[in-house]
Amino acid sequence: KSPKKDIINAKVMGHRGAALLAPENTLASIRAAAATGVTWVEIDVYLIGEDGLIIFHDDELSRCTNGVGVTRQALPEYVAGLDAGGYFSAEFASEKVPTLVEALECIQSLGLGLNLEIKHDESDVENIVPPVLAALDAHWKDNDKLLISSFNHGALLLCHQLDKTRHLGQLYGPIPEDWQTQLEAIQAYSLNCDYRALTQEKAQAIKGAGYQLLCYTANDMALVAQHWEWGMDTIITDDPTRFAPLL
Ligand code: G3P
Ligand code: MG
């Protein structure tokens with residue numbers, strides 16, 4: 001099988017923006033990532049209320065904001081008023097939870113590529129995938145600077161069904177036996193796995209099948225020294241400065 005065209009072409013990608021340098025998944029975090037010289041960022045998109053799309057990781061609001069409650073049930077007006085940076089440090093107390101559109105505009109204005117991770121329950125993919133694709137259609141210009149990823153295979157299947165042009169990344173913790181069947185079903189661009197789950201054998205099989213190979217989340221070069229030899233293409237990190245020689 002011929003390898004996928006490498007649209008990412010970068011060894012290092014910022015995680016949740018650059019989660020160790022600024023509050024994760026905020027515009028400040030995206031700007032902090034850009035300032036390190038990294039050319040791609042990963043962020044998480046989450047559906048709230050009926051049709052709100054926000055950049056957020058957790059199922060609960062409390063860790064990363066001054067709000068409380070279940071993220072999925074939060075009203076967009078409530079989330080818009082929250083402080084999403086004060087918990088990180090006083091300097092970031094004015095940071096907000098970005099909407100998807102605000103993040104797309106910020107990322108493009110910085111000239112970065114985007115790995116947009118769709119967070120959601122298997123039961124709810126039909127509520128999040130169409131509005132995410134609609135927002136991308138309306139607000140994202142360069143399809144070769146966009147990877148859509150998810151742990152949720154159903155979400156990626158629906159993405160693929162609705163739009164065959166998007167680059168898709170199947171996320172895994174441990175890599176399941178049937179990874180190849182799943183990647184073929186969505187004509188995946190990449191397999192994105194926990195760096196601790198990768199073995200030399202798995203890496204060779206994934207690269208041999210023609211896929212790009214991304215790993216998350218390592219914050220020390222020594223942790224993934226072998227992974228490059230095995231064929232890993234890109235590491236997702238909370239602090240790209242720790243991979244400065246590879247930027
Ligand atoms: O996309 C890589 C990584 O972000 C997946 O895990 O929990 O940090 O979203 P998580
Ligand atoms: Mg993520």
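Q: Which residues does Cys 215 touch, not counting residues up to four places away in sequence?
A: In this predicted model, two residues count as touching when their C-beta atoms, placed from the backbone, lie within 7 Å. With residues up to four places away in sequence left out, Cys 215 touches Cys 193, Tyr 195, Leu 198, Val 224, His 227, Met 232, Ile 235 and Ile 236.

Q: Which residues touch the most other members of the largest nonpolar core, and which strand gives the most to this core?
A: The largest nonpolar core holds 74 residues, and those that touch the most other members are Val 41, Ile 54, Ala 103 and Cys 215. The strand that gives the most to this core does so with seven residues, and that strand, covering residues 40-48, is β2.

Q: Why is the chain as compact as a globular protein of that length?
A: The chain is built from eight helices and nine strands. For 247 residues the globule rule gives 18 Å, and the chain is as compact as a globular protein of that length because its radius of gyration is close to this, at 17 Å.

Q: What share of the contacts in the chain with a separation of 6 or more comes from residues 24 or more positions apart?
A: Buried residues make up 46% of the 247 residues in the chain. Among contacts with a separation of 6 or more, the share from residues 24 or more positions apart is 57%.

Q: How many nonpolar, polar and charged residues does the shell around ligand 1 have?
A: The residues that surround ligand 1 include His 15, Glu 42, Asp 44, Ser 149 and Ile 236. Sorted by class, the shell has three nonpolar, five polar and three charged residues.

Note on methods. Residues are numbered from 1 along each chain as its sequence is written. Chains are lettered from A and ligands numbered from 1 in the order in which they are written. This is a predicted model: local features need pLDDT of at least 70, side-chain atom pairs count only at pLDDT 80 or more; totals for chains, interfaces and linings use all residues. A residue is near a molecule or strand if its C-beta atom, placed from the backbone, lies within 6 Å of it. Ala, Val, Leu, Ile, Met, Phe, Trp, Tyr, Cys and Pro count as nonpolar, Asp, Glu, Lys and Arg as charged, and the others, Gly among them, as polar. Helices (H or I, at least four residues) and strands (E, at least two) are DSSP runs, numbered from the N terminus. The radius of gyration is taken over C-alpha atoms; the globule rule is 2.2 Å times the number of residues to the power 0.38. A residue is buried if 20 or more other C-beta atoms lie within 10 Å of its own, exposed if 12 or fewer, and partly exposed in between; C-beta atoms are placed from the backbone. A nonpolar core is a set of buried Ala, Val, Leu, Ile, Met, Phe, Trp, Tyr and Cys residues joined through C-beta atoms within 7 Å.
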